[in-house]
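Reader: I am new to this structure and would like a close look at a single part of it, followed outward into its surroundings. Please take me through it slowly, with the reasoning spelled out where there is any.

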Amino acid sequence: MPTRSPAHSGQPELALVLGAGGARGLSQIVVLEALDELGLRPALIAGCSIGAIVGAAYAAGLNGHALREHVLASFSDRARVVTRLLDARVGKLADLMRGLGNPVLLDGERLLDLFWPEAVPDRFEQLAIPFTAMATDYHAHVEVSLSRGPLTPAVAASLAIPGLVRPVALAGQVLIDGGAINPLPYERLLAPERIVLAVDVSAPPSSSGETRIPGAVEAIVGASQILTRALVGQMLARRPPDILIRSGLDGIGGLDFFKAQAILAASEPAKDEVKRALERAFAKPA
């Protein structure tokens, strides 16, 4: 991990924001590699859903290349991944027959324990870079910023898509997917003497004219993707970040993690885009 920070040389500090978007969010790793190659270290990181997963790992000190290798290794063995997903289920098929619950519902904390690199610590305070995960209070209908205390339940809350990942009870609140309100949490970070780099991985509408009816789980994730795209569009129209990078491979579904290699390969052009945008931003007079 590079240690040079622009703020230390009288330049603005860099804030990195990683958004929600399911498997498309793996493309954010290419953005991290661009920062590494420039020798830039963010002063703070915020993330939502897949952006919280990637952002927390980067804040822990893993560089972009290490995350790339970890992701490719994790999803290279389909049978092993399926076994881990089954291990992370909250319910069982027998529960469905008895009307007791959702047999595909996952425990987000167990999911993270199964797939996160071992270097990711247990608490926010142990991270190398200050990090915030964005979640939503299910009952109060407000966004919740999590930046202290236990890390795993906070990130599990950030990715808790209703119907797919179980809500998380934390500090007296019931929390679900941060993308329900704020899938790209950059607005509160905008400030003088700071450059906010936000990475939007929300899925654009399909232009293929496809008429296939999605399955139940695919529809849950797809609806979340539609909501994410709509909310990000409203946010950008209201006030854009200093630098906006849109990455991801078109035609990728929210659960297409087995296409990790194709997602990363297709996202390579974003690396040069990030470098050019940052060089322009830091070249501007204060």
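Author: Two strands are said to pair if DSSP finds at least two bridges between them. The model shown here is a predicted one, and within it strand 2 and strand 3 (residues 131-137) pair in the parallel sense over four bridges. One place where this pairing can be followed is Cys48, whose bridge partner in strand 3 is Met134. Strand 2 also has strand 1 (residues 13-18) as a partner, and here again the two run parallel and are joined by four bridges. On that side Ala15 stands opposite Leu44 of strand 2. To get from strand 1 to strand 2, the chain passes through helix 1 (residues 28-38), and the β-α-β crossover made in this way is right-handed.

Strand 2 is therefore a good part to look at closely, since five of its five residues, 44-48, are buried, so that the strand is largely enclosed by the rest of the structure. Buried is used here for a relative accessible area under 20%. The side chains and glycine of the strand do not share one direction: Leu44, Ala46 and Cys48 point one way, while Ile45 and Gly47 point the other way, and burial holds for all of them.

From strand 2 it is natural to go on to Phe131, which belongs to the residue range of strand 3. If neighbours within four places in sequence are left aside, the contacts of Phe131 include Ile45, Ala46 and Gly47, and these three residues lie in the range of strand 2. Other contacts of Phe131 include Ala52, Gly55, Ala56 and Ala59, and further along the chain Leu146, Ser147, Leu151 and Val155.

Phe131 is also one of the residues with the most contacts inside the largest nonpolar core, a set of 70 residues, and in this respect it is listed together with Leu16, Leu151, Val155, Leu197 and Leu278. Helix 2 supplies the largest share of this core, namely seven residues. A second core, separate from that one, has 13 residues, among them Leu44, Leu184, Tyr186 and Leu189. Leu44 thus brings us back to strand 2, where it points the opposite way from Ile45 and Gly47.

Helix 2 can also be approached from another direction, by way of helix 6 (residues 108-115), in which Gly108, Leu111, Leu112 and Phe115 are buried. Viewed down the axis of helix 6, these buried residues fall within an arc of 95 degrees, so they line one face of the helix. What they pack against is helix 2 (50-59), together with helix 3 (64-74), helix 4 (78-87) and helix 7 (151-158). The N-terminal end of helix 6 is capped by Asp107, with a side-chain oxygen lying 2.9 Å from the backbone nitrogen of Glu109.

The loops on either side of helix 6 complete this part of the picture. Before the helix, in the loop that follows helix 5 (93-97), lies Val104, which is partly exposed, having a relative accessible area of 37%. Apart from residues up to four places away in sequence, Val104 touches Gly163, Leu164 and Val217. After the helix, in the loop leading to strand 3, one finds Asp122, which counts as exposed at 58% relative accessibility. Leaving out neighbours within four places, Asp122 is in contact with Gly149, Pro150, Leu151 and Thr152, and one of these, Leu151, has already been met among the contacts of Phe131.

On the other side of strand 3, the loop between that strand and strand 4 (142-146) holds His141. Its phi is near 60 degrees, which is a positive value in a residue other than glycine, and with a relative accessible area of 63% His141 is exposed. The residues of strand 2, where this description began, are by contrast buried, five of five.

Note on methods:
Residues are numbered from 1 along each chain as its sequence is written. This is a predicted model: local features need pLDDT of at least 70, side-chain atom pairs count only at pLDDT 80 or more; totals for chains, interfaces and linings use all residues. Side-chain values use heavy atoms; hydrogens and water are left out. Buried means under 20% relative accessible area, exposed over 50%, partly exposed in between (1.4 Å probe, protein chains only). The arc is that of the directions from the helix axis to the C-beta atoms. Contact means heavy atoms within 4.5 Å. A polar contact is a pair of N or O atoms within 3.5 Å; within protein, one must be able to donate a hydrogen and the other to accept it, and residues adjacent in sequence count only if both atoms are side-chain atoms. A nonpolar core is a set of buried Ala, Val, Leu, Ile, Met, Phe, Trp, Tyr and Cys residues joined through side-chain atoms within 4.5 Å. A crossover is right-handed if, with the strands pointing away from the viewer, the path from the first strand over the helix to the second runs clockwise.
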